[in-house]
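Q: Got a minute to go through this model with me? I have a few residues and a helix pair to ask about.

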Amino acid sequence: MLSQPISKSFDLGEGRIVTIETGKLARQADGAVTVRQGNCILLATVVANKEPREGQDFFPLSVDYQEKFASAGRIPGSFFKREARLNDYEILTSRLVDRALRPLFPEDYFCDVQVLISLVSSDPEIMPDALACLAASSALAVSDIPIKEIISEVRIAVVDGQTIINPTRSQLALATSEFIIAATEKNLMMVEGEAKECSEEDLVNALAVAHDAIRVQIQAQKELRAAVGITTKRDYPKPDAHDEIHQKVIALAKEKIYAISKGGTSKADRSLAFDTLKKEVVASFGEEVTDKEKKLAKKYFEDLKWEVVRDMILEDRVRLDGRKLDQVRPLAMEIEPLPTPHGSSLFTRGETQSLTTVTLGTKLDELLVESAATSEYSKFILHYNFPPFSTGEVKPMRGPGRREVGHGNLALRSLRQMMPGSEYPYTVRVVSDILESNGSSSMATVCAGSLALMDAGVPVAKHVSGVAMGLITRGDGKYAILTDILGDEDHLGDMDFKVTGTREGICGVQMDIKVDGLSMDVMREALEQARKGRLHILDAMYECITEARPEVKPHAPRMEKLFIDKEFIGAVIGPQGKVIQEIQRETGTTITIEEIGNYGEVSVFSPAKEGLDKAVAWIKGIVAVPEVGSVYEATVKSIKEFGAFVEFLPRKEGLLHISEISWKRLDSMEGIFKPGDVVKVKLIGIDHKTGKFKLSRKALMPKPENASPRPPRQDEEQQA
């Protein structure tokens, strides 16, 4: 007999009910739940191996979030018509959950754990990524997999001055700031988001509001776990330990590690010194120890290095490269290091370097961003590349990994705050190639991207810079806040955080908080130190380029936008697109037309000004309404005995009668014009019944004093 499903519900506020249910689906998983709000339903499962793999010395956690297209009643657009590799949105959601879950597991737990979250039913207004971590944590809570605490995650947004927990999709589109925040009942764990120049205090207040909402969700998970009957967690094999080897490593290496750490050397010299010392320590055990014990010695060495460096920073207030705690590494930057891209910059901070380019494209270059519930086009694209040579390594070149996607997204969200609005016609692609890395290449991407955008003539209002920070704390109350952390310092901290922004406020933030009981006062101090570091970098950026170039580069595509009456869209496009294709072919331009309300928005792009002007004049001619009294440049199309037919506007022809060519009487058209000649004419009449246009050349000539009206010839009267 099947057991009955068990569920718990809570209110997000304003009657928005969220229900967590277990016991109905995926019952062979170690833990499985569904989370439902409205018509949005997520299925989360978790399975863990009972024992670690042979020789495993790290925690192998994998988190995958995927949206089933059937959840929104859609069929995937790929050739195989099935869900394929995770898209960027799914990868970013997976990362948000992974970063929140990873600290929950015991440090000596090395069994494989797989968390799978699937969107199985979609609601157009409910954002499923805000519920994904709740679903994953609930699945762990109802399993016997060992975790230290229960967590949850919410999105918090400010819309029209009001703070909203888990806003709808429509509300989020109007938000001036939005952050996704994960926390346990007592401690914040992870923060990521963006804002239109919010203050540090606004961020701290948002964290406090989010934490209160998270506690409600954690309580619902506790009640669900109690109802299921989970009271104890499974035991698991502990990694090998050897106290004698541990003590010997400390005795042999502690002082030497301290000496290397305080030497203020470069990354390469420091790495070589540590590697050499580690080999000496392992070799000192001789041949009497087993390979497993040698592996333990290496582990104890790395643990000792972690402790010694942290203590050195806390006690001596000095860092691995000799800097002060709040000191930013030397900065070097330049714009236009590359002649051909539409915009480029080279940004170097210490041993981290980004070569960034900007390319301006047309509406046809927009990026389709697709999920189960939405299908939207983006005019701002940022790609981040991290080749292995940037850290002096040899690795196979593959597609961008989750790290590259995450770092690029943080930079994109930060720079997007200063990008011009939807009226800006260009599609903008920023590419950051990391040439050297020793600490926060994502923040180098933000700085280099801001410089390159200004170099390209993109009208960004202000520079955006970013700085990576670290925080080291100890049980006795001592702490150290580190500005512009090194790669070696990255894993040392109890809080690693990156903050981007302008002089006026924060544009992007990413935090991973690992310490229990971090006070808001320490958080405020850390954010203030980050602000000072950000301003220091901004000052250098403004010295490099103070504002965006007034125009795009000569070799960048030129653009002009026209707005035409809706009724003329068909005339510009022509039957089966023949007219617009002819314009593009003859002028070397790219033209896009978008119907907006009662008018058409026509964007014309061209690498050459001459082609742009020609295409714009062509289109204006098509949509122009001929007015009596207006003067036009006309092209002779055909010659008749009684005059010439001329095209005075695109696809609009009129008769230039022989009597209107000159004040002098002409007996014939012979030798007067030939097809292709350009003649200036004045529109002197329109027959509204027949739609014929009457043109005159002599009306633009001074009338001779002795000129007198003459009666037209009989054939002239008949032809006219």
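Q: Let's start with Arg329. Buried or exposed?
A: Buried: Arg329 has a relative accessible area of 4%. Keep in mind that this is a predicted model.

Q: Where is Arg329 found?
A: In the loop between helix H7 (291–316) and strand E11 (331–335).

Q: What does the side chain of Arg329 reach?
A: The backbone oxygen of Asn438, at 2.7 Å.

Q: And which residues does Arg329 touch, not counting those up to four places away in sequence?
A: Asn438 is on that list, along with Gly439. Acidic names on it are Asp321, Glu351 and Asp484. Arg323, Arg349, Gly350, Thr352, Ile485 and Leu486 complete the set.

Q: Switching to cysteines. How many disulfides does the count come to?
A: Zero.

Q: Why no bond for Cys198?
A: The closest cysteine sulfur to that of Cys198 is in Cys507, 8.5 Å away. A disulfide needs the sulfur atoms within 2.5 Å, so that pair is too far for a bond.

Q: And Cys447: which cysteine has the closest sulfur?
A: Cys544, at 11 Å. That is too far for a bond as well.

Q: Are those two, Cys198 and Cys447, buried or exposed?
A: Cys198 is buried, at 10% relative accessibility. Cys447 is buried too, with a relative accessible area of 0%.

Q: Now the helices. How do the axes of H5 and H6 cross?
A: At roughly 170°, and they come within 11 Å. H5 covers residues 243–261 and H6 covers 267–283.

Q: Roughly parallel or antiparallel, then?
A: Roughly antiparallel. Angles over 145 degrees count that way.

Q: Which residues meet there?
A: From H5, Val249, Leu252, Ala253, Lys256, Ile257, Ile260 and Ser261. They meet Arg270, Ala273, Phe274, Leu277 and Val281 in H6.

Q: How do the residues of that contact divide?
A: Nine are nonpolar, one is polar and two are charged.

Q: Last one, Leu188. Where is it found?
A: In strand E10, which spans residues 188–198. Leu188 is buried, with a relative accessible area of 9%.

Q: What is Leu188 in contact with, leaving aside neighbours within four places in sequence?
A: Ile181, Ala182, Ala183, Leu207 and His211, plus Ile513, Met520 and Met523.

Q: And what separates the C-alpha atoms of Leu188 and Ile580?
A: 57 Å, with the two residues 392 residues apart along the chain.

Terms used:
Residues are numbered from 1 along each chain as its sequence is written. This is a predicted model: local features need pLDDT of at least 70, side-chain atom pairs count only at pLDDT 80 or more; totals for chains, interfaces and linings use all residues. Side-chain values use heavy atoms; hydrogens and water are left out. Helices (H or I, at least four residues) and strands (E, at least two) are DSSP runs, numbered from the N terminus. Buried means under 20% relative accessible area, exposed over 50%, partly exposed in between (1.4 Å probe, protein chains only). Contact means heavy atoms within 4.5 Å. Axes are lines fitted to C-alpha atoms, for helices over the stretch in contact, and angles run from 0 to 180 degrees between N-to-C directions. Angles under 35 degrees count as roughly parallel, over 145 as roughly antiparallel, 65 to 115 as roughly perpendicular and the rest as oblique. Ala, Val, Leu, Ile, Met, Phe, Trp, Tyr, Cys and Pro count as nonpolar, Asp, Glu, Lys and Arg as charged, and the others, Gly among them, as polar. A polar contact is a pair of N or O atoms within 3.5 Å; within protein, one must be able to donate a hydrogen and the other to accept it, and residues adjacent in sequence count only if both atoms are side-chain atoms.
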